[in-house]
There are 2 protein chains.
Amino acid sequence: MASTRPQPAFLFDLDGTLVDNVYQHVLAWREALEGEGIQLSVWRIHRRIGMSGGLLINALVRESGRQLSDEQVEHVQRLHREAYGRLSSGMRPLPGARELLEHLTNVHVPWAIATSGHLDNARPALDALGVAAAGAGGSASGGTRPMLTATVITRDQVERGKPDPDLFIAAAERINVPIDAAIVVGDSVWDLLAARRAGALGVGLMSGGYGQDELERAGAYRVYQDPADLLRHLDEVGVR
Amino acid sequence: MASTRPQPAFLFDLDGTLVDNVYQHVLAWREALEGEGIQLSVWRIHRRIGMSGGLLINALVRESGRQLSDEQVEHVQRLHREAYGRLSSGMRPLPGARELLEHLTNVHVPWAIATSGHLDNARPALDALGVAAAGAGGSASGGTRPMLTATVITRDQVERGKPDPDLFIAAAERINVPIDAAIVVGDSVWDLLAARRAGALGVGLMSGGYGQDELERAGAYRVYQDPADLLRHLDEVGVR
């Protein structure tokens, strides 16, 4: 029986899970919200990272007791893009991220990336990782490494972002695996909440700054430090 | 009996506890360590914040598997000061921080600040808070607010930094309260560890980015979101 059970598939979050860019996003959102006069403690912004941009702004604006027009929300998003571009120079993959994706590819375990960002925002992170989005065309080269081509689902391809499950459900469909055979790997409680709602198994990584307890309470079946740590323990999540 | 029991005293950490500057410190350390070729994931740096600078560098360098000479450590500290100065413009007190200190002053509850930083590094944060270190001379004005004068113990005044208890013990001595009647308020597990070792009660704040569980596990008797939240619940920690 066991030998006919399929390998699991992996659906990865991008920011903070494969690429080390959460803290840069945090300070970029802080700066962007200040641009509309919204002052929030930085840790409160950190706890919303991983939500899709629109939801994140709504949640933080509500927390501040203010209201923003659609134009002001767009302004905040533009300021965030600018600040993030400035703060994220020299952004790197997390330790083991590239090796993990290569290993899964080599052992024929299907995987995809599902990110809360729009494709334009995700591209610098994908470039840093050396991943080209299948069918998305014109990306930068991966430097000395060959690029891995992968299924990448971005915010623009689904109706609702995280913590709604749409991104992970779309990613599973695209790589043709049943969602209940998929393992969602993410660094934020929003990934794990979305995983639960999608009916997938959730695995947490501490590389976005959340503690182990918090990720477990949000439904993580296992928590690892970063992609390198997950790669060393793939047997624990059913990869033979 | 109860009416003769003294009020508690408060020993506050500064960065992340009274002032919203942890994430700026995190990215400044990242940039500084890169200056000596040390590449570490940002979340690992975040988890060391609150340790005194020298200990933080030692711990992170050890984690990276590298070794640094004394000159290289000094270079990292200089790069951190420069990057922090750039990233921390517009630094603000945490919500309720100033009001909390004013309230304690008004109701004659003794308090002091004990920070892992050296006085020069701490001064911008104290200025943002509107606090002048007693006897330290020449600080900037607090803008429109009158400055509060307070006992401030900095790294240069004790032999060992956090998580050793020296800073909090020295602060209690300076304001003439027994350490076991003192409440240490901090945002990091290093504050809470130092509080335990000093024999003081520890109270955690989430404003530095640690989750509630983690602060409780490190020994926090109570955990609040930020100084404003602590101010609303002072009765829970024995202030009448």
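These legends accompany three close-up views of a predicted model.

**View 1. Helices H1(B) and H4(B) pack against each other at about 140°.**
Here we look inside chain B, where H1 covers residues 22-34 and H4 covers residues 70-87. Their axes lie 8 Å apart. Angles over 145 degrees would count as roughly antiparallel, and H1(B) and H4(B) are therefore oblique to each other. The crossing of the two helices, H1(B) and H4(B), is right-handed. On the H1(B) side, the contact is made by Gln24(B), His25(B), Leu27(B), Ala28(B), Trp29(B), Glu31(B), Ala32(B) and Leu33(B). Facing them from H4(B) are Val76(B), Leu79(B), His80(B), Ala83(B), Tyr84(B), Arg86(B) and Leu87(B). Sorted by character, the residues of this contact between H1(B) and H4(B) comprise 10 nonpolar, three polar and two charged.

**View 2. Chain B meets chain A through 32 residues on each side.**
Stepping back to the interface, the two chains, B and A, bury about 2,600 Å² between them. Carbon and sulfur atoms account for 46% of that area. Three residues are worth finding in this view: Tyr23(B), Trp43(B) and Arg92(B). Together they supply 28% of the area that chain B buries against chain A, more than any other three residues.

**View 3. A salt bridge joins Arg92(B) to Glu34(A).**
Arg92(B), one of the three residues picked out in the previous view, returns here with its side chain meeting that of Glu34(A) at 2.4 Å, N to O. In total, six salt bridges are counted between chain B and chain A.

Technical notes: Residues are numbered from 1 along each chain as its sequence is written. Chains are lettered from A and ligands numbered from 1 in the order in which they are written. This is a predicted model: local features need pLDDT of at least 70, side-chain atom pairs count only at pLDDT 80 or more; totals for chains, interfaces and linings use all residues. Side-chain values use heavy atoms; hydrogens and water are left out. Axes are lines fitted to C-alpha atoms, for helices over the stretch in contact, and angles run from 0 to 180 degrees between N-to-C directions. Helices (H or I, at least four residues) and strands (E, at least two) are DSSP runs, numbered from the N terminus. Angles under 35 degrees count as roughly parallel, over 145 as roughly antiparallel, 65 to 115 as roughly perpendicular and the rest as oblique. A crossing is left-handed if the near helix is turned anticlockwise from the far one by less than a right angle, and right-handed if clockwise. Contact means heavy atoms within 4.5 Å. Ala, Val, Leu, Ile, Met, Phe, Trp, Tyr, Cys and Pro count as nonpolar, Asp, Glu, Lys and Arg as charged, and the others, Gly among them, as polar. Buried area is the accessible area (1.4 Å probe) that two parts lose on being put together, summed over both. A salt bridge is a side-chain nitrogen of Lys or Arg within 4 Å of a carboxyl oxygen of Asp or Glu.
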